[in-house]
Amino acid sequence: MSGKVRHARMSRRVFAVTALSTLVAGGAVAGAALAGAEPSRRNGADGKGGRATRELRGMWLATVTNRDWPSTPGLSVTQQRAELIAHLDTAVSRRLNAVFLQVRPAADALWPSPYEPWSQVLTGTQGKDPGWDPLGTAVAEAHARGLELHAWFNPYRVANNTDPSKLVASHPARRHPDWVVPYGGKLYYNPGLPEVRGFVQDAMLDAVAKYDIDGVHWDDYFYPYPVAGQTFDDDAEYAQYGGDFPDRASWRRDNIDRLVSETAARIKAVRPGADFGISPFGVWRNAANDPLGSDTRAGVQTYDDLYADTRKWVRENWIDYICPQLYWSAHPLDQQVPANYAVLLPWWAEVAKGSGTRLYIGESLYKAGDPAQPAEWQDPAELSRHLTLAKEYLEVRGHVFFAAKEVKADRIGAMARVVADHYQGSARTPR
């Protein structure tokens with residue numbers, strides 16, 4: 001790194017610390033200079049009804065391992081339905097306008113699918129009919145409350161163990177064992193197989209065709225997160241399909257690019273009014289690896305480790321929105337912090353600027369009040385400061401909170417603080 005570049009980055013960091021100290025003390029921050037970007041600035045926004053309010057206010061409702069809902073597998077239909085509606089009512093009470101319901105947590109389904117079995121999170125037994133249609137109910141009940149309902153899918157995760165025999169006998173992964181790769185204690189569909197790419201699209205598009213959903217949502221799992229000492233075995237697929245690429249990483253990124261672009265086109269063909277959005281891990285690349293990257297030192301980079309070129313998807317306008325998971329605090333930087341909310345926020349705003357892709361920000365409500373988290377997460381005002389900072393950027397069109405259980409419990413009042421400071425009135429989504 002040249003002395004000039006090192007000096008420029010140090011200057012930005014010094015400015016960030018000064019500006020963010022003001023924010024932590026309760027003042028406003030003009031943050032565009034934090035990452036050297038110049039995204040559009042907002043003028044005259046007070047966050048309390050002083051401007052026309054059109055923003056996404058969402059929460060994730062996770063079903064994998066029964067995280068948020070149902071609270072436990074095997075509840076009665078009446079109990080499952082009551083819990084689901086209670087989450088929707090909580091969203092309304094917090095003046096949210098969108099719920100992202102996980103309907104395909106692990107190559108399974110929370111609707112009657114001809115492609116994949118009923119999810120075990122409902123009954124405790126994969127493939128067992130729960131006696132009702134959770135996705136259909138969620139769409140109807142959400143719309144009755146003025147909420148958008150986005151169907152959240154995980155494309156490639158098959159199981160949270162490596163034993164295919166634990167899958168129901170009719171599972172596609174058992175009928176096509178060559179589609180599956182064990183890695184890191186889990187089973188995954190192999191993204192390098194064209195037939196897998198087609199199948200997972202068909203499985204997801206079934207729900208898009210059947211239900212009046214407002215969007216198709218993916219989270220941050222593409223190729224799996226790296227596990228030290230383990231190799232994702234796609235040697236045969238790379239030998240068969242990777243000949244036109246300079247290296248395996250480029251071929252893997254192309255596999256994910258194809259999944260994104262093909263799915264986007266198919267969604268628009270089936271349900272033109274539905275959004276397609278992705279919520280990736282918050283760091284595309286560190287600037288040390290790419291001058292276009294963010295001034296971060298993150299241990300995971302989506303481009304290099306998950307083979308997900310999230311910046312490209314935005315710049316090419318393949319998706320309707322991007323919702324990076326900025327799960328770091330806006331606390332003043334020090335040399336021990338690999339990433340920072342106030343550095344990544346303007347970086348993403350600059351990426352989204354002029355792209356046609358809306359920018360929402362994923363917020364880590366689950367950290368608020370968690371005793372295992374650093375001191376800044378014990379402050380009920382931390383997340384509210386995030387929204388205050390985000391109002392400086394026109395590109396930021398809303399926020400999504402992880403996750404529904406914490407929206408309801410609100411351990412230290414962080415969500416209530418967000419509502420009091422920023423959601424005093426209702427808002428329409430920015431379609």
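1. Start with Arg95, in the loop between helix 2 and strand 2. This is a predicted model, and in it Arg95 has a positive phi of about 60° although the residue is not a glycine. With a relative accessible area of 35%, Arg95 is partly exposed.

2. Thr65 is worth a look alongside it. You'll find Thr65 in the loop between strand 1 and helix 2. Its phi is also positive, near 55°, and again the residue is something other than glycine. Thr65 is exposed, at a relative accessible area of 59%.

3. Stay in that loop for a moment, since Pro70 also lies between strand 1 and helix 2. The peptide bond leading from Trp69 into Pro70 is cis, with omega near -20°. There is a cis bond between Phe402 and Ala403 as well, where omega is about 0°. Ala403 sits in the loop between strand 11 and helix 13.

4. Now the barrel. Eight strands close up in the order 1-2-3-7-8-9-10-11, with parallel pairing. For one pair in detail, take strand 7 (residues 215-218) and strand 8 (residues 275-278): they run parallel and are joined by four bridges. Gly215 has Asp275 as its bridge partner in strand 8. On the sheet packs helix 4 (residues 134-144), touching strand 2 (98-104) and strand 3 (148-153). The direction of helix 4 makes about 150° with that of strand 3.

5. Helix 4 has a helical partner too. Helix 2 (residues 77-93) packs with helix 4 at an angle of about 35°, their axes 10 Å apart, and the crossing is right-handed. Which residues of helix 2 meet helix 4? They are Arg81, Leu84, Ile85 and Leu88, and across from them in helix 4 are Pro134, Thr137, Ala138, Glu141 and Ala142. Sorted by class, this contact has six nonpolar, one polar and two charged residues.

6. Besides the barrel, there's an open sheet of three strands in the order 4-6-5, paired antiparallel. Strand 4 (157-159) and strand 5 (180-183) are its edges, each pairing on one side only. Ignoring direction, neighbouring strands here are turned by 35° against each other on average. Four bridges link strand 5 to strand 6 (residues 186-189), and the two run antiparallel. To find your way around, look for Tyr183, whose bridge partner in strand 6 is Lys186.

7. Helix 12 (residues 382-390) is largely enclosed by the rest of the structure, because eight of its nine residues are buried. The buried ones are Glu382, Leu383, Ser384, Arg385, His386, Leu387, Leu389 and Ala390.

8. Helix 14 (residues 414-422) has Ala414, Met415, Val418, Val419 and His422 buried. Looking down the axis of helix 14, these buried residues fall within an arc of 145°, so they line one face of the helix. That fits a general pattern: an α-helix has 3.6 residues a turn, so residues three or four places apart point the same way. And what covers the buried residues of helix 14? The cover includes strand 1 (56-61), helix 12, strand 11 (396-401) and helix 13 (404-409).

9. Last, a single loop residue. Ser364 lies between strand 10 (358-363) and helix 12. Is Ser364 buried or exposed? Buried means under 20% relative accessible area, and Ser364, at 0%, counts as buried. Leaving out residues up to four places away in sequence, Ser364 touches Tyr327, Trp377, Leu383 and Phe402. Two of those names have come up already: Leu383 is one of the buried residues of helix 12, and Phe402 takes part in the cis bond with Ala403.

Technical notes: Residues numbered from 1 in each chain as written. Predicted model: local features only at pLDDT ≥ 70, side-chain atom pairs only at ≥ 80, totals over all residues. Heavy atoms only, no water. Pairing = 2+ DSSP bridges. Contact = heavy atoms within 4.5 Å. Axes fitted to C-alpha atoms, helices over the stretch in contact; angles between N-to-C directions. Left-handed = near helix turned anticlockwise from the far one by under 90°. Nonpolar A, V, L, I, M, F, W, Y, C, P; charged D, E, K, R; others polar. Buried < 20%, exposed > 50% of the residue type's maximum accessible area, 1.4 Å probe, protein only. Arc of directions from axis to C-beta.
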